[in-house]
Structures are given as C-alpha cells and as structure tokens.
Amino acid sequence: MSTDKLKVGIVGGGFMGRVHGRSALVGGARVVGAIGSTPDRAKAAAEATGADEGFATLDDLLAADIDLVHVCTPNSTHLPVTLKALEVGKHVICEKPLATNVQDAAGLVAAAQEAGLVATVPFVYRYHPMVRELRTRVAAGDAGIITSLHGSYLQDWLAGADDDNWRVDDAAGGPSRTFADIGSHWCDLTEFVTGDRISQVSAQTRTVRSQRGGVDVKTEDLATAQFRTEAGVVGTVVVSQVAAGRKNRLYLEVSGTESSYGFDQEDPDRLWVGHRAASQLLTRDPDTLSPPAARVNRLPAGHAQGYQDAFDSFVADTYAAVRGGDRPDGLPDFAAGARSARLVDAVLRSAAADSAWVDVDA
C-alpha cells in the first residue's frame with residue numbers, strides 16, 4: 001500500500017454505494033473509481049460515489065492503483081467479487097450479508113486470513129456512541145444479572161402490494177431476505193453489547209406478499225425468534241419489512257436485576273436506563289460519555305449524530321486497520337459476517353422445522 005492518501009474503489013453505485021462513497025471521502029480516502037451494474041452505468045456509478053472515474057468492469061477497477069475495495073453489490077455477487085479483490089491483494093469492505101450461505105461465508109473468512117488483508121463488514125450500529133456506552137455499562141456489571149433480551153427491527157418499505165426490489169429475488173438476495181438483511185444487524189448488536197452469543201433459536205417466518213412484480217416470492221417478509229444465549233439468558237426478536245409506519249426502527253432492550261437499558265436506532269442520541277426506584281434518559285454528551293463511547297463520538301452535545309456518522313466511524317476504523325495494522329476495538333470483520341451467516345441459517349432451519357429449537361453452530 002502506498003504511504004499517500006488511501007486509494008479505494010467502489011463496486012456498485014446504488015444507495016449503499018453512495019453511503020460508502022461519502023464515508024470514504026470523509027475518511028480521507030481518494031475514490032479512484034467505481035463500477036455500476038453494467039458498463040453503461042460506469043459514469044453514473046462514479047457520480048453517485050464521488051469517484052474520479054467510472055470503470056467498465058471489475059477487472060478494470062482491480063487493475064487500477066487502489067488499496068481497498070468497497071463491495072456494494074447484490075448479495076449473490078459478494079463471494080466472487082470479494083474473492084477476486086482478495087486474490088489481487090486488495091483489502092475489502094463487503095456489505096452484509098457477507099455471503100448467502102454458511103459455507104461461502106467461511107470460505108471468505110479463510111481467504112482473507114490467508115491473504116493477510118483487512119476485511120470488514122459494516123455492522124455499523126456498533127458505532128453509535130450510546131451503543132458503546134451501553135456496552136461499557138453492561139461489561140462493568142451495572143445491569144446486574146441479565147435476565148432477558150428483547151427487541152425488534154421494523155421497516156415498511158416492502159409493505160405495499162406493488163413494492164419490489166432485487167432483494168426479494170432469492171437468486172440475487174439469497175434464501176433469507178428480512179432476517180439476513182436486518183435481523184442480522186439486531187443479532188450482531190445484541191451480541192456486541194452483551195458479549196454473550198445466541199446459542200439456540202426457535203423461529204418462524206412469514207411471506208405476506210406471495211407475489212411481487214408478477215413473480216412468486218420465496219423469501220420472508222417477516223420473522224420472529226425466541227432464543228437462548230450461551231450464558232442462559234432468554235430473549236425474543238421480531239423483524240419485519242412490512243410494518244406500516246416503521247421506517248428503520250431497530251430497538252434493543254437489555255433487562256437486568258439492577259439496571260435495564262433500551263436503545264432505539266431512530267433516536268440514537270439517547271439511552272434509556274431503568275432502575276427499580278427510578279429511570280433516566282441519558283443524552284449523548286462527550287463530557288460525560290465513557291472513553292469507549294467518546295472515541296466514536298463525532299459531534300458536540302446537542303448536535304444530532306446518526307446513521308451516516310456511524311458509517312463514517314466504521315469506515316475510518318477500517319482504514320486505520322489498513323494503515324496501521326491494529327484493529328480498533330469493536331471493528332466488525334469477516335468473522336462477524338460469518339457469525340451472522342450461521343445465525344441466519346439457524347433461523348431458516350428452525351422455521352422449516354415448525355419452529356423446532358436448533359443450535360446456531362450445528
């Protein structure tokens with residue numbers, strides 16, 4: 001890697017490509033090039049991501065002078081695109097899900113380790129300062145005995161009969177849609193905050209819209225799961241992309257014998273803290289945050305900090321790992337992506353077996 005400004009390429013010029021492009025520029029990188037879904041969309045991809053130019057093919061982009069590749073393509077293409085990038089010595093940020101099955105995700109972990117390259121997955125909700133504050137307090141034992149974990153991740157962008165997207169197609173998106181797309185975020189956040197892994201699940205899925213765009217839908221619109229953790233904590237989660245009025249509402253509550261905590265991604269500057277005698281609402285303030293939370297704080301108190309800021313912090317940590325070799329605390333790597341694939345697989349196996357309890361790592 002050159003000692004000058006980090007040079008990156010972006011594969012995909014859609015919504016996530018734009019998000020990655022902005023974070024790359026904020027992180028001080030030069031976006032050398034981008035590619036779209038077809039050679040004809042190269043210019044549009046460059047404009048969307050802030051790249052110097054559009055490239056016609058992946059091979060053209062990988063042949064350019066770049067250090068790292070952002071993979072922002074449909075799920076089924078993550079494996080071949082990422083493998084190509086790793087094979088030619090490029091560090092990678094790959095959108096989640098890392099792969100559409102457990103075996104491919106494990107293969108990407110092994111490929112990144114063998115190449116000795118930085119490879120990360122944007123589980124960016126880890127980067128909200130109040131999430132880090134929650135994690136710090138749980139680790140310090142402030143919750144007492146954790147009794148239960150519960151929450152939801154609710155969206156409505158596929159609630160309508162005419163709503164459609166490439167993610168609905170299992171050939172492009174994989175066998176799971178809603179749980180792989182957003183349930184994965186909830187599970188990652190829960191395990192990150194508590195340091196306790198989900199060990200068993202009993203799940204059910206439902207496809208509300210059986211047809212979209214005249215095509216039969218095989219992926220789920222919503223899923224629910226109850227689970228047990230390795231420490232014996234019980235929990236429940238509901239995820240849906242057909243919940244009218246909910247735009248991007250990820251909510252996690254950690255219940256304990258001494259304190260309980262509630263985090264709402266749509267109100268990320270605040271953390272609810274419950275006590276038996278009284279409850280309080282903590283507001284993000286760099287003067288009172290714990291050091292781990294203050295590290296990812298980007299703005300003064302009273303200035304709203306949200307999703308893009310969290311994404312910027314994630315990309316900055318990835319770039320720091322590329323430059324310095326150290327892995328900043330909480331950086332989600334390909335192992336986190338493979339862990340997510342195992343959780344999604346367990347949910348699908350349980351749902352297919354009439355909600356039977358299944359082991360996550362079986």
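**Exercise 1. Locate Asp354 and state what is notable about its backbone.**

Solution. Asp354 is found in the loop between α11 and β17 (358-359); helices (H or I, at least four residues) and strands (E, at least two) are DSSP runs, numbered from the N terminus. The phi of Asp354 is near 55°, a positive value in a residue other than glycine. Most residues other than glycine have a negative phi, and most peptide bonds are trans. A second backbone feature is the cis peptide bond that joins Lys96 and Pro97, with omega about 0°. Pro97 belongs to the loop between β5 and α5.

The model is predicted: local features need pLDDT of at least 70, side-chain atom pairs count only at pLDDT 80 or more, and totals for chains, interfaces and linings use all residues. Residues are numbered from 1 along each chain as its sequence is written, and side-chain values use heavy atoms, with hydrogens and water left out.

**Exercise 2. Describe the open sheet of six strands and the helices that pack on it.**

Solution. Step one is the strand order, β3-β2-β1-β4-β5-β6, with parallel pairing; two strands pair if DSSP finds at least two bridges between them. Step two concerns the edges: β3 (53-54) and β6 (119-120) each have a single partner strand, so one side of each is left without a neighbour in the sheet. Step three takes one pair: β1 (residues 7-11) and β2 (residues 30-35) are parallel over five bridges, and Ile10 has Ala34 of β2 as its bridge partner. Step four adds helix α1 (residues 15-26), which packs on the sheet and touches β1, β2, β4 (68-71) and β5 (91-94). The direction of α1 makes about 170° with that of β1. Contact means heavy atoms within 4.5 Å. Helix α2 (residues 42-49) lies across β1, β2 and β3, at about 145° to β2.

**Exercise 3. Determine how helix α11 packs with α8 and with α5.**

Solution. Two packed helices are described by the angle between their axes and the distance between the axes. Axes are lines fitted to C-alpha atoms, for helices over the stretch in contact, and angles run from 0 to 180 degrees between N-to-C directions.

- α8 (residues 178-194) and α11 (residues 334-352) pack at about 115°, with axes 10 Å apart. The residues in contact include Phe179 and Cys187 of α8 and Leu343 and Val347 of α11. This contact divides into seven nonpolar, two polar and three charged residues. Ala, Val, Leu, Ile, Met, Phe, Trp, Tyr, Cys and Pro count as nonpolar, Asp, Glu, Lys and Arg as charged, and the others, Gly among them, as polar.
- α5 (residues 102-115) and α11 have axes that come within 9 Å and cross at roughly 170°. The two helices are therefore roughly antiparallel, the word for angles over 145 degrees; angles under 35 count as roughly parallel, 65 to 115 as roughly perpendicular and the rest as oblique. Among the residues in contact are Leu108 of α5 and Ala338 of α11. Nine residues of this contact are nonpolar, none polar and two charged.

**Exercise 4. Identify the strands that pair with β7.**

Solution. β7 (residues 146-154) pairs with β13 (residues 249-256) in the antiparallel sense over eight bridges, and Ser152 has Tyr251 as its bridge partner in β13. β7 also pairs with β12 (residues 234-240), in the parallel sense over seven bridges; here Leu154 stands opposite Ser240.
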